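Reader: Hello! I would like a close look at one part of this model, with the cut-offs spelled out as you go. Could you walk me through a single helix and then the charged contacts around it?

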Amino acid sequence: MSQILDKVRAAALELPETSEKLSHGQPTFFVAGKQFAQFRDNHHGDERTVVCVKTSSLDEQAMLIESDPETYSKPAYLHHGGWVSINVAGDLVDWDHVADRIAASWELAAPRRLLEAGGR
């Protein structure tokens, strides 16, 4: 698990003005005080290793889950806001794709001043 968390952490913390802290016992990543990613390993005994990220809408959330249910799912507690879980367990994880989804989530949470300054 620590190698997976290290990859998620590297993708999140390379983005401007990000920080990490525990939230509800999970490593969680913030920009300007707003959450944009959360790592979960066996969250409430679900036996899954995922990173949860924001999507632009409930429609995007549904499209992602429908198009690739092996990769995407609805995360407990966050799914009402359009978040998705990305499966990061196993040898077939596309880490470039995961990093892109983390960065897209950061863009949805980042303040305008960061986006206007060039963002990521």
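Author: Happy to; what follows starts with helix α2 and then turns to the salt bridges and a few backbone details.

This is a predicted model, in which local features need pLDDT of at least 70 and side-chain atom pairs count only at pLDDT 80 or more, while totals for chains, interfaces and linings use all residues. Residues are numbered from 1 along each chain as its sequence is written, and side-chain values use heavy atoms, with hydrogens and water left out.

Let us begin with the helix itself. Helix α2 spans residues 58-67; helices (H or I, at least four residues) and strands (E, at least two) are DSSP runs, numbered from the N terminus. Its buried residues are Glu60, Gln61, Leu64 and Ile65. They sit on the same side of α2, because they cover an arc of only 130° around the axis, the arc being that of the directions from the helix axis to the C-beta atoms. On the other side of α2, Asp59, Glu66 and Ser67 are exposed. Here buried means under 20% relative accessible area, exposed over 50%, and partly exposed in between (1.4 Å probe, protein chains only).

What do the buried residues of α2 pack against? Their partners are β5 (72-73), β6 (84-87) and α3 (95-109), where contact means heavy atoms within 4.5 Å. At the N-terminal end of α2, Ser57 acts as a cap: one of its side-chain oxygens lies 3.3 Å from the backbone nitrogen of Asp59. A polar contact is a pair of N or O atoms within 3.5 Å; within protein, one must be able to donate a hydrogen and the other to accept it, and residues adjacent in sequence count only if both atoms are side-chain atoms.

One salt bridge also involves α2. The side chains of Glu60 and Arg101 meet at 3.2 Å, N to O, a salt bridge being a side-chain nitrogen of Lys or Arg within 4 Å of a carboxyl oxygen of Asp or Glu. Glu60 lies in helix α2 and Arg101 in helix α3, so the pair ties together parts that are 41 residues apart in sequence. Arg101 counts as buried, at 12% relative accessibility.

The whole structure holds four salt bridges. Among them, Arg9 pairs with Glu20, with the closest N and O atoms 2.7 Å apart. Since Arg9 lies in helix α1 and Glu20 in strand β1 (residues 18-23), this pair ties together parts that are 11 residues apart in sequence. Arg9 is partly exposed at 26% relative accessible area, and Glu20 is partly exposed at 29%. Asp6, Arg9 and Glu20 are linked in a network of salt bridges.

Arg113 forms another salt bridge, with Glu17, the closest N and O atoms being 2.8 Å apart. This pair links distant parts of the chain: Arg113 in helix α4 (residues 112-116) and Glu17 in the loop between α1 and β1, 96 residues apart. Both Arg113, at 47%, and Glu17, at 47%, are partly exposed.

Finally, two backbone details. His24, in the loop between β1 and β2 (26-31), has a positive phi of about 55° although it is not a glycine, and at 76% relative accessibility His24 counts as exposed. Ala32, in the loop between β2 and β3 (34-41), likewise has a positive phi, of about 50°. Most residues other than glycine have a negative phi.
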